[in-house]
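Subject: Structure handover

Hello,

Here is the structure I promised to pass on. Please open it next to this email; my notes follow below.

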Amino acid sequence: AEARAGVQGTVLLRILVGTDGRPLEVSIERSSGSRSLDRTAREHVLKSWLFKPAMRDGHAVQAYGLVPIDFTMQ
């Protein structure tokens, strides 16, 4: 495996998780240095990730979380 064109890095996403565990909004907290990687990570999380919602007093609540996503693309 070779890292061609040095496409690697970590993007830190700030995610608002809804009561159903789905991401409601995703923003880039810290860039990976590549705008296209950042955008890909953001869209991927919005489309297909499911989280465990935060709980308060036994009820699911909206909450923000920070999630780092590492890229090492071949």
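How many bridges join strand 1 to strand 2, and do the two run parallel or antiparallel? There are 6 bridges, and the strands run antiparallel. Please keep in mind that this is a predicted model.

The sheet

Strand 2 covers residues 23-30. Two of its pairings are easy to look up. Leu13 has Ile28 as its bridge partner in strand 2. For Arg14, the partner in strand 2 is Ser27. The hairpin of strand 1 and strand 2 has 5 residues between the strands. Gly21 in this hairpin takes a positive phi, near 90 degrees.

The sheet itself is open and is formed by 3 strands. Their order is 2-1-5, with antiparallel pairing. Strand 2 and strand 5 stand at the edges. Each of them has a single partner strand, so one side of each has no neighbour in the sheet. From one strand to the next, the twist averages 30 degrees.

Helix 1 packs on this sheet. It touches strand 1, strand 2 and strand 5. The direction of helix 1 makes about 155 degrees with that of strand 2.

The core

The largest nonpolar core has 11 residues. Here is the full list: Val11, Leu13, Ile15, Val17, Val26, Leu37, Ala41, Val45, Val67, Ile69 and Phe71. Three elements each supply at least two of these residues: strand 1 (8-17), helix 1 (35-48) and strand 5 (63-72). Strand 1 gives the most, with 4 residues.

Val11 is a good place to start looking. Neighbours within four places in sequence are left aside here. Val11 is then in contact with Ala41, Val67, Ile69 and Phe71, among others. Its contacts also include Ile28, Arg30, Ser32, Asp38 and Pro68.

The salt bridge

How many salt bridges does a search of the whole structure find? The search finds 1. In this salt bridge the side chains of Arg22 and Asp20 meet, at 3.9 Å from N to O. Are these residues buried, exposed or partly exposed? Arg22 has a relative accessible area of 49%, which means it counts as partly exposed. Asp20 is also partly exposed, with a relative accessible area of 49%. The cut-off for exposed is over 50%.

Best wishes

Notes:
Residues numbered from 1 in each chain as written. Predicted model: local features only at pLDDT ≥ 70, side-chain atom pairs only at ≥ 80, totals over all residues. Heavy atoms only, no water. Core = buried A, V, L, I, M, F, W, Y, C linked by side-chain atoms within 4.5 Å. Buried < 20%, exposed > 50% of the residue type's maximum accessible area, 1.4 Å probe, protein only. Contact = heavy atoms within 4.5 Å. Salt bridge = Lys/Arg side-chain N within 4 Å of Asp/Glu carboxyl O. Pairing = 2+ DSSP bridges. Axes fitted to C-alpha atoms, helices over the stretch in contact; angles between N-to-C directions.
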